[in-house]
Amino acid sequence: MSLAAKGVEFIDYITRKAGYENKWIVLRDAETDPSYGKLPYERSIEEHISYGVINLDKPPGPTSHEVVAWVKKLFNIDKAGHGGTLEPVSAGKPQSDRRPTGGS
């Protein structure tokens, strides 16, 4: 099975799990060069940790920097960071709508 066929099969599997069904229109068949990557389920745990993204719902209390430090320690990695806000008070709001959480 080609890499593209495996990819389509994987996408179909995920969407069926979500309750959807894909209908594909094939314009042309082409091979993908496997030296440019691999499918997510073919990656090792180390590759997921090194190149992956963690979606995290941060609880109130620890700062964003503390949570990043915990992730680094848990996965024994040197580099990690966060994008957007991790503050629950501003979840779903643009950064310009953020308000102070304490003090006067």
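The following paragraphs lead through a predicted model, from its overall fold to individual residues.

The protein contains 3 helices and 0 strands, and along the sequence its elements follow the pattern α-α-α. Helix H1 covers residues 3–17, helix H2 covers 45–51, and helix H3 covers 64–75. Of the 104 residues, 12% count as buried. The protein exposes about 9200 Å², of which carbon and sulfur atoms supply 55%. Among contacts with a separation of 6 or more, 39% join residues that are 24 or more positions apart. Several of the residues discussed below illustrate how parts distant in sequence are placed relative to one another in space.

A suitable place to begin is Asp12, which lies in helix H1. Which side chain of opposite charge is nearest to this residue? It is that of Arg16, at 4.9 Å. A salt bridge requires a nitrogen and a carboxyl oxygen within 4 Å, and Asp12, although buried, has no salt bridge. The side chain of Asp12 does, however, make a polar contact with the side chain of Trp24, at 2.8 Å. When neighbours within four places in sequence are left aside, Asp12 is in contact with Asn22 and Trp24. Trp24 therefore appears both as a polar partner of this buried acid and as a residue in contact with it beyond its sequence neighbours.

Trp24 also takes part in a feature of the surface. Together with Val8, Ile11 and Val26, Trp24 forms a nonpolar patch with about 370 Å² of accessible area. Val8 is found in helix H1, whereas Val26 has its place in the loop between H1 and helix H2. The two valines fall into separate accessibility classes: Val8 counts as partly exposed because its relative accessibility is 31%, while Val26 is exposed, with a relative accessible area of 60%. Val8 and Trp24 are 16 residues apart in sequence, and their C-alpha atoms are 9.1 Å apart in space. Trp24 thus belongs to the surface patch and also makes the polar contact with the side chain of Asp12.

Attention now turns to charged pairs. How many salt bridges does a search of the whole structure find? The search finds 2. In one of them, Glu42 pairs with Lys6, and the closest N and O atoms are 3.5 Å apart. Glu42 is located in the loop between H1 and H2 and Lys6 in helix H1, so this pair ties together parts that are 36 residues apart in sequence. Both partners are partly exposed: Glu42 has a relative accessibility of 32%, and Lys6 has a relative accessible area of 27%.

A further salt bridge joins Glu47 to Lys38, with the closest N and O atoms 3.1 Å apart. Glu47 is partly exposed, with a relative accessible area of 25%, and Lys38 likewise counts as partly exposed, at 35% relative accessibility.

The loop between H1 and H2 also contains Gly37. Gly37 counts as partly exposed because its relative accessibility is 35%. The C-alpha atoms of Gly37 and Leu3 are separated by 10.0 Å, although these residues stand 34 positions apart along the chain. This loop therefore holds Gly37, the patch member Val26, and Glu42, the salt-bridge partner of Lys6.

The last region to consider is the segment after helix H3, in which Asn76 lies. What is notable about the backbone of Asn76? This residue has a positive phi of about 55 degrees although it is not a glycine. Asn76 counts as exposed, because its relative accessibility is 72%. Lys79 lies in the segment after H3 as well, and Lys79 is exposed, with a relative accessible area of 75%. The C-alpha atoms of Lys79 and Ser50 are separated by 8.9 Å, while the two residues are 29 positions apart along the chain.

Key:
Residues numbered from 1 in each chain as written. Predicted model: local features only at pLDDT ≥ 70, side-chain atom pairs only at ≥ 80, totals over all residues. Heavy atoms only, no water. Helix = DSSP H or I, 4+ residues; strand = E, 2+ residues; numbered from the N terminus. Buried < 20%, exposed > 50% of the residue type's maximum accessible area, 1.4 Å probe, protein only. Lys, Arg positive; Asp, Glu negative; His and termini not counted. Polar contact = N/O pair within 3.5 Å; in protein donor to acceptor, adjacent residues only side chain to side chain. Contact = heavy atoms within 4.5 Å. Areas by Shrake-Rupley, 256 points an atom, 1.4 Å probe, with all protein chains shown as cover. Patch = residues over 30% accessible without salt bridge, like charges linked within 9 Å, V, L, I, M, F, W, Y side chains within 5 Å.
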